[in-house]
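Student: Could you walk me through reading a few features of a structure? I would like the general idea and then the case at hand.

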Amino acid sequence: MTKLLQTEVEKRRIFGIISHPDAGKTTLTEKFLLHGGAIREAGSVKARKNSKFAKSDWMEIEKQRGISVTSSVMQFEYDKKIVSIMDTPGHSDFGEDTYRILTAVDSAIMVIDAAKGIESQTKKLFQVCRMRGIPIFTFINKMDRQARDPLELMEELEEVLGIPSVAVTWPAGSGQQFEGVYDRVNEKFHCFKNDRLTIDLGEEGLANDQLASTINNEMYDTLVDEVDLLDGAGNEYNEELIAKGELTPVFFGSALVDFGITPLLEHYLNLSPSPTPRESNKGQIEPAQDFFSGFVFKIQANMNPNHRDRIAFVRICTGKFDRGMEVVLTRTGKKMKLSQSTQFMADERETVNEAFAGDVIGLYDSGNYQIGDTITNGDPSLQYEALPTFAPELFLKVFTKNALKSKQFQKGVEQLAQEGAIQVYKTEYNEIILGAIGQLQFEVFEHRLKGEYGVDILKDAANFQVAKWVKVTEISEVKKLTDSRTVLVYDRWENPVLLFANDFVYERFVQKNDGVITLVDSPQLL
Ligand code: G4P
């Protein structure tokens with residue numbers, strides 16, 4: 001392990017931004033890139049969001065709807081750290097991809113609209129981050145507009161998300177009366193007005209004369225009262241709990257007018273972890289090692305319809321990547337040369353010659369990789385922990401329109417399931433039921449089946465809302481328990497799964513069959 005490698009790895013940070021659409025994720029990302037020297041950036045962030053400027057030659061759907069179906073990685077440098085932002089689809093029609101991206105990051109920034117508070121999508125994404133125990137930083141955005149009471153917002157964080165919070169910065173006013181934010185840890189006040197003056201409060205803290213005479217009196221008094229309350233009744237600032245994801249540090253600001261971003265970035269870099277060890281079949285693997293290894297967390301096909309190529313996104317877990325290096329794909333034992341195969345962004349192609357643990361690279365793929373695959377030039381039996389499968393909430397029955405195309409249909413279904421684009425279940429009569437987290441996954445499936453496999457499909461409603469994996473030895477017992485509202489299907493690994501019409505049907509089933517049958521939320525728990 002050379003010193004250089006160690007230094008490179010320790011410099012890396014990788015986070016995902018989680019938010020509900022319109023909370024300001026795109027605007028904040030742009031500001032981050034602006035503050036740092038953007039090293040690699042897939043065009044303008046905004047451009048990708050807007051159909052008019054969509055650069056990507058990838059799916060028509062993306063252009064038609066003006067949304068980013070795909071997600072990509074942006075990198076910037078700040079204070080000698082190399083930070084990667086994993087962009088997640090911002091539309092409400094997000095899918096499993098969005099969740100899976102969060103398995104490749106070491107921390108998350110949660111953006112909340114100060115006037116709206118916690119919204120549904122934020123809640124879902126938060127839960128995935130919480131499950132992984134990664135540090136979550138909260139940015140309460142749009143303080144330049146009339147905001148809700150900040151104390152109430154803090155309370156909501158704890159009540160709705162169930163995570164204790166600690167305010168690192170605290171706002172004085174909002175909207176027209178926004179005076180700035182107080183950094184409680186560094187004892188500074190960042191003025192929003194007054195040419196954005198920063199006042200070093202020193203030991204006096206809020207009693208500092210300059211502060212009292214600079215900002216509006218009423219806002220000053222409220223600030224002192226509120227901070228008094230926080231000091232007395234709020235959670236204590238505890239870096240250890242933040243690192244464990246058990247306490248979320250909270251920051252206030254406005255991405256649009258670029259305010260409050262510097263304290264957020266600086267505290268983030270100070271508190272966030274450099275690449276963390278990952279679980280594997282060989283135990284925990286530390287990132288600063290001589291050998292290269294990584295895992296595939298996303299596969300994107302047909303990025304360029306003319307070439308029919310696929311890109312496998314790899315999170316590097318250990319060591320250094322050199323273009324042209326030889327690795328083993330541990331699932332198959334196949335040797336792979338990572339030569340012309342490298343590129344970085346989802347919609348811009350750029351060759352990457354070297355990268356380190358904590359970076360994400362894209363590899364050209366001719367069909368070798370699957371989601372969750374490990375590649376390494378170290379121990380060829382190393383396998384990183386499987387990526388979780390997320391229980392679908394939407395279901396659709398599909399058939400091929402033309403029976404002569406059933407072979408292509410089967411192939412397409414299989415490959416898209418393998419890629420992780422959609423979940424596929426088979427009934428006992430070999431009917432196909434698709435499972436998704438977002439509606440858009442169905443549209444993507446239909447579009448790709450037609451575009452890539454030449455298959456038109458017929459769709460039929462599948463009236464289910466809940467999927468549970470069955471822990472059984474005696475499948476005939478399970479069959480006896482099914483009816484029109486509870487159906488037995490098999491996932492792509494042939495695990496038995498029960499689909500229920502709704503939560504009520506599911507709960508009644510559990511009550512009735514308590515002790516007879518055990519149901520779990522995902523195949524990983526079998
Ligand atoms: P998203 O990626 O989370 O979906 O949100 P995005 O950044 O696109 O922001 C959604 C809208 O909120 C945009 O307005 C954006 O300008 C606005 N916005 C973001 N941050 C702030 C902020 O700090 N203060 C205020 N006042 N507005 C903010 P839009 O009108 O929908 O789009 P645009 O016409 O500005 O592009």
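Tutor: Gladly; we will take a strand residue, a ligand shell, a sheet and a helix in turn. Keep in mind that this is a predicted model.

Student: Let's begin with D113. Where does D113 lie, and is D113 buried or exposed?

Tutor: The idea is to count C-beta neighbours, and 20 or more within 10 Å make a residue buried. D113 has 21 of them inside 10 Å, so it counts as buried. It belongs to strand β5, which covers residues 107-113.

Student: Which residues is D113 in contact with, leaving aside its neighbours within four places in sequence?

Tutor: Those contacts are A23, G24, N141 and K142. For a contrasting pair, take D113 and E507: they are 394 residues apart in sequence, and their C-alpha atoms are 35 Å apart in space.

Student: G24 is a name to remember, then. Which residues are closest to the ligand?

Tutor: The closest are G24, K25, T26, T27 and L256, out of 16 residues that surround the ligand. So G24 turns up both here and among the contacts of D113.

Student: Which helix gives the most to the shell around the ligand, and how do the shell residues divide by character?

Tutor: Helix α2, residues 25-35, gives the most, with three residues. By character, the shell has four nonpolar, seven polar and five charged residues.

Student: On to the sheet. In what order do its four strands come?

Tutor: With an open sheet, read across the strands and then look for the edges. Here the order is β8-β9-β10-β11, with antiparallel pairing. The edge strands, β8 (169-172) and β11 (198-200), each pair on one side only. Ignoring direction, neighbouring strands are turned by 20 degrees against each other on average.

Student: How many bridges join β10 to β11?

Tutor: Three bridges join β10, residues 188-191, to β11. In one of the pairings, K188 has D200 in β11 as its bridge partner.

Student: Which helix lies across β8 and β9?

Tutor: That is α9, residues 217-233, running at about 150 degrees to β8.

Student: Last, how far apart are the end C-alpha atoms of α13?

Tutor: The check is to compare expected and actual span. At 1.5 Å a residue, the 15 residues of α13 (439-453) should span 21 Å, and the end C-alpha atoms are 21 Å apart, so the two agree. The buried residues of α13 are L440, Q441, F442, V444, F445, R448, L449 and Y453. Just after α13, G454 takes a positive phi of about 65 degrees.

Terms used:
Residues are numbered from 1 along each chain as its sequence is written. This is a predicted model: local features need pLDDT of at least 70, side-chain atom pairs count only at pLDDT 80 or more; totals for chains, interfaces and linings use all residues. Helices (H or I, at least four residues) and strands (E, at least two) are DSSP runs, numbered from the N terminus. The expected span of a helix is 1.5 Å times one less than its number of residues. A residue is buried if 20 or more other C-beta atoms lie within 10 Å of its own, exposed if 12 or fewer, and partly exposed in between; C-beta atoms are placed from the backbone. Two residues are in contact if their C-beta atoms, placed from the backbone, lie within 7 Å. A residue is near a molecule or strand if its C-beta atom, placed from the backbone, lies within 6 Å of it. Ala, Val, Leu, Ile, Met, Phe, Trp, Tyr, Cys and Pro count as nonpolar, Asp, Glu, Lys and Arg as charged, and the others, Gly among them, as polar. Two strands pair if DSSP finds at least two bridges between them. Axes are lines fitted to C-alpha atoms, for helices over the stretch in contact, and angles run from 0 to 180 degrees between N-to-C directions.
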